[in-house]
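Q: Hi! Could you walk me through the charged pairs and cysteines in this one?

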Amino acid sequence: QGYEGLVEGGDNIKQANWLSVSNIIQLGGTVIGSARCKAFTTRAGRLRAARNLVEHGITNLCVIGGDGSLTGADIFRSEWAGLLEELVRDGQISEEVARKNCRLNIVGLVGSIDNDFCGTDMTIGTDSALHRIMEVIDAITTTAQSHQRTFVLEVMGRHCGYLALVSGLASGADWLFIPESPPEDGWEDLMCERLGE
């Protein structure tokens with residue numbers, strides 16, 4: 001469950017094996033769990049996470065996420081030595097354990113369906129999001145045609161219109177709104193005219 005799993009510990013931290021990943025290839029990446037974690041934004045929460053990792057002898061993290069996840073990873077890495085010192089001072093771990101786990105290695109991977117990160121063709125999550133959007137469009141197209149109705153489909157992508165643009169092109173959408181190109185004044189009349197045609 002992302003950082004929530006680190007903070008809560010217990011059954012959330014377990015060794016992965018081949019059985020852990022069997023029959024999940026067709027699922028989206030969130031099958032491993034994902035959660036916004038308010039506790040991890042606090043030092044106390046990161047202290048609990050550090051203790052849980054040290055208890056399991058984990059000093060390597062692979063963080064897949066967007067801006068919040070990767071910022072959190074950077075803060076966690078920069079505080080690591082201080083967190084271990086605090087755990088030793090509070091008697092929660094020994095100095096020997098702190099020495100053994102003195103370095104936290106983090107690999108950050110951009111996992112964002114928005115595909116809004118430079119230097120890569122496609123971020124993790126974008127492809128599966130596009131597949132889901134196209135499945136939905138395929139499912140509703142015949143309904144729209146048989147009822148002779150216009151359907152409005154909203155896709156995710158907060159500040160980035162990549163998913164909307166690519167799925168709009170792939171499905172032959174008649175009208176498209178994306179944040180990078182806000183509609184000009186009078187768009188309503190133009191849209192009605194186009195749809196009327």
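Q: How far apart are Glu55 and Arg51 in helix H2?
A: This is a predicted model, and in it Glu55 and Arg51 sit 4 residues apart in helix H2, so about one helical turn separates them. Their side chains meet in a salt bridge, at 3.0 Å from N to O.

Q: Are those two buried or exposed?
A: Neither, really: Glu55 is partly exposed at 49% relative accessible area, and Arg51 is partly exposed at 28%.

Q: How many salt bridges are there?
A: The count comes to 6. One of them pairs Arg48 with Glu8, at 3.6 Å from N to O. That pair links distant parts of the chain, with Arg48 in helix H2 and Glu8 in helix H1, 40 residues apart.

Q: And what does Arg43 pair with?
A: Arg43 forms a salt bridge with Glu79, where the closest N and O atoms are 3.8 Å apart. Here helix H2 is linked to helix H3, and the two residues are 36 apart in the chain. Arg43 is partly exposed at 35%, whereas Glu79 is buried at 17%.

Q: Which residues are joined into one network by salt bridges that share partners?
A: Arg43, Arg46, Glu79 and Glu86.

Q: Switching to cysteines: how many disulfides are there?
A: The search of the whole structure finds 0. Cys37 is in none, and the nearest cysteine sulfur, in Cys62, is 18 Å away.

Q: Why no bond for Cys62?
A: Because its sulfur is 18 Å from the closest cysteine sulfur, in Cys37, which is too far for a bond.

Q: Is Cys37 buried or exposed?
A: Buried, because its relative accessibility is 11%.

Note on methods:
Residues numbered from 1 in each chain as written. Predicted model: local features only at pLDDT ≥ 70, side-chain atom pairs only at ≥ 80, totals over all residues. Heavy atoms only, no water. Disulfide = S-S within 2.5 Å. Buried < 20%, exposed > 50% of the residue type's maximum accessible area, 1.4 Å probe, protein only. Salt bridge = Lys/Arg side-chain N within 4 Å of Asp/Glu carboxyl O.
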